[in-house]
Every structure is written in structure tokens, then in C-alpha cells.
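These are my notebook entries on a structure I wanted to look through before planning anything further. I kept to what can be read from the coordinates.

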Amino acid sequence: MEGPTPVSALIHAATMVTAGVFLIIRVSPLFEKTPFILLLVILLGSLTAFLSATIGLVQSDLKKVIAYSTCSQLGYMVLICGFSHYDSGLFHLVNHGFFKALLFLSAGSVIHAVADEQDMRRMGHMKTYLPLSYSCVFIGSISLMGLPFLTGFYSKDLLIELLYFKHYLSFSLWLGLGAAFLTAFYSCRLIILSFIARPQFNRNIIKVVHEGSLSLITPLIILTFCSVSAGFLFQNFLLVNMKPVMIPTLNKFYPIVFSLGACGIFLTLV
């Protein structure tokens, strides 16, 4: 969070932060021999997903909001590994890398444009001055929410669907849905405070606000495409041995309803 934005994007999307989940997947035969440890993994993953989302809810630093969303998404990955669905955890790990890298690099583009200001409360109305960065943050955020047919939808909603009918472990389902609700809430907060609300920045900043150079914009465009299509393209490679999840049709809409409900509540409060 405190380092350069490209470093943050690498760490949170693909390397150090996600290494723990990858390690769990790699040593899964050992975890399968210890059912008590799997229960502990489920408990820790559920609490991490929910509590990290509550922390992200009250952050004002643009990069910290995105960083705590990473912690929350890691909770989902760890949680599903506790239920022995390692392929689904890996699927979300890969998908998460695309839209989280997009969010961090887009945040870096915004921070660079406003003279290194990171406080969302001192931004506002950036969509007029930074339309490309706004589009990238918007697409990355709705993919993070798991709205239909974006990359996050194919893995995040699948994880939640796999939690149904777990009986005495149903707390994981409700914590997961609660985390989805809070994720949508703080994602809407980030978009509105940074790009849509009334301008709160110094007037002198208007003179220097600009989109980045081609070397900055190109990765954003590539990651935007991946945040839209990677989930659909990779599902047949990473979920080869997985059987379809059979749950009532109404239950499949719960994550979307929770996410859209959170957006609606925030817009009402605004």
C-alpha cells in the first residue's frame, strides 16, 4: 500500500499477498488428512473475508480501500479451500489478479494526475478530467463486485454457490454474502467520492490534471479487456473436473441482489 503503485499492483494481484492461497492449494493432500485444520481454514477465511471488508468500508486512502478488498477476496479463496474446492480457489485467484491489478494501476493513474493526492475526500468529479481512468476503475470495481458476465462473476459467485447446504458450517455462507454486500458498498463509495461527487481538490490542481502517457494507458486497456473476458475464457481450463453446482434458481441471485442492494443503499444515503 505504501510503496509505488506498480509494486502494489504486482504484490496484491500476483505475488506475495496471494502466495499463501497458492501454498494451501499446493499442499492440499496434507490438508485433506487433517479435517480439523480444514475447519480452522474455513473459520479464518470467513472472518477474513467479512472483517477485511468492514475495514475497507471506512478507509479514505484510495489505495488502502483497494488493498483491504484484496484481503477480503483472499478470505474467499482460503474459505473455499477449506471446503476442498481447490480448483475454484485457484480460479478466483487467477481472475482476481486481473481486476485487482487494473484497480491498482488505475488508482495510480488518478493519484499521478492529481499531484500525488491519495485521499478520496479531496478528489471528486474526476470523471470529467480523467475519463479513461474513470472507465477502468468502474469496470474493475463492478468486476470486483461480481456483477454478471464480468471476470469476477464467474469465480466469486461460484464460490458463494458452493457454500450452500453446508449445514452447521452455514455461517460461512452468511459471512460470504455479508462480505459481498460490503464490497459493493465500498466500491460505490470509492467511485462516487473520487469521480462523481462535487470537486474537493485545490483549484490549482485542475491545471495539471491529465491522463497518463501511452506507457501508462496501455496496461490499463489490456487489463480492462481481461477484467471483462478472462473469467469466461479460463473457466473451461481451470474447472475441467468440476461438476455443475445444483442449487435452487432463486439462491443463485443472492450475491447479485446483495451487491446491487448495497449500491442502492449507498446511493440513497448520498
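**Entry 1: salt bridges.** I began with glutamate 117, which forms a salt bridge with arginine 122, and I noted 3.9 Å between the closest N and O atoms. I should write down early that this is a predicted model. Opposite charges on side chains can pair when the charged atoms come close, and a search of the whole structure finds 3 salt bridges.

I then looked up the bridge in which the side chains of arginine 121 and aspartate 119 meet, with 2.9 Å from N to O. Is aspartate 119 buried or exposed? Aspartate 119 is buried, because its relative accessible area is 13% and the cut-off for buried is under 20%.

The next pair I recorded is lysine 252 with glutamate 161, a salt bridge whose closest N and O atoms are 3.1 Å apart. This pair links distant parts of the chain, since lysine 252 sits in helix H12 (residues 249–252) and glutamate 161 in helix H9, 91 residues apart. I checked the accessibility of both partners: glutamate 161 counts as buried at 12% relative accessibility, whereas lysine 252 is partly exposed, with a relative accessible area of 31%.

**Entry 2: the largest pocket.** Which residues lie nearest the centre of the largest pocket? I found Tyr154, Leu158, Glu161, Gln235 and Lys252 there, out of 15 residues that line the pocket. Glu161 and Lys252 are therefore met again here, having been noted above as salt-bridge partners. I wrote down a volume of about 380 Å³ for this pocket. Helix H9 (residues 151–161) gives the most to the lining, with 5 residues. Sorted by class, the lining has 10 nonpolar, 1 polar and 4 charged residues.

**Entry 3: a nonpolar patch on the surface.** I looked next at a nonpolar surface patch of about 920 Å², made by Phe36, Ile37, Leu39, Leu40, Leu43, Leu44, Leu47, Leu51, Tyr168 and Phe171. Helix H4 (residues 35–56) supplies the largest share of the patch, 8 residues. Tyrosine 168, also a member of the patch, is found in the loop between H9 and helix H10 (171–196). I recorded tyrosine 168 as exposed, because its relative accessible area is 64% and the exposed class begins over 50%.

**Entry 4: positive phi angles.** Most residues other than glycine have a negative phi, and I therefore looked for exceptions. Serine 84 is not a glycine, yet has a positive phi of about 70°. Serine 84 lies in the loop between helix H5 (62–82) and helix H6 (86–113), and is partly exposed, with a relative accessible area of 32%.

Phenylalanine 149, likewise not a glycine, has a positive phi of about 70°. I placed phenylalanine 149 in the loop between helix H8 (131–145) and H9. Is phenylalanine 149 buried or exposed? Phenylalanine 149 counts as exposed, because its relative accessibility is 59%.

**Entry 5: alanine 179.** My last look was at alanine 179, which lies in helix H10 and counts as buried, at 0% relative accessibility. How far apart are the C-alpha atoms of alanine 179 and tyrosine 164? I noted a separation of 16 Å for these C-alpha atoms, the two residues being 15 residues apart along the chain.

Note on methods. Residues numbered from 1 in each chain as written. Predicted model: local features only at pLDDT ≥ 70, side-chain atom pairs only at ≥ 80, totals over all residues. Heavy atoms only, no water. 1 Å grid on protein atoms, 1.4 Å probe; cavity = no way out; pocket = protein on both sides within 12 Å on 5 of 7 lines; lining within 4 Å. Points joined across faces, edges and corners; volume = space filled by probe spheres on them. Helix = DSSP H or I, 4+ residues; strand = E, 2+ residues; numbered from the N terminus. Nonpolar A, V, L, I, M, F, W, Y, C, P; charged D, E, K, R; others polar. Patch = residues over 30% accessible without salt bridge, like charges linked within 9 Å, V, L, I, M, F, W, Y side chains within 5 Å. Areas by Shrake-Rupley, 256 points an atom, 1.4 Å probe, with all protein chains shown as cover. Salt bridge = Lys/Arg side-chain N within 4 Å of Asp/Glu carboxyl O. Buried < 20%, exposed > 50% of the residue type's maximum accessible area, 1.4 Å probe, protein only.
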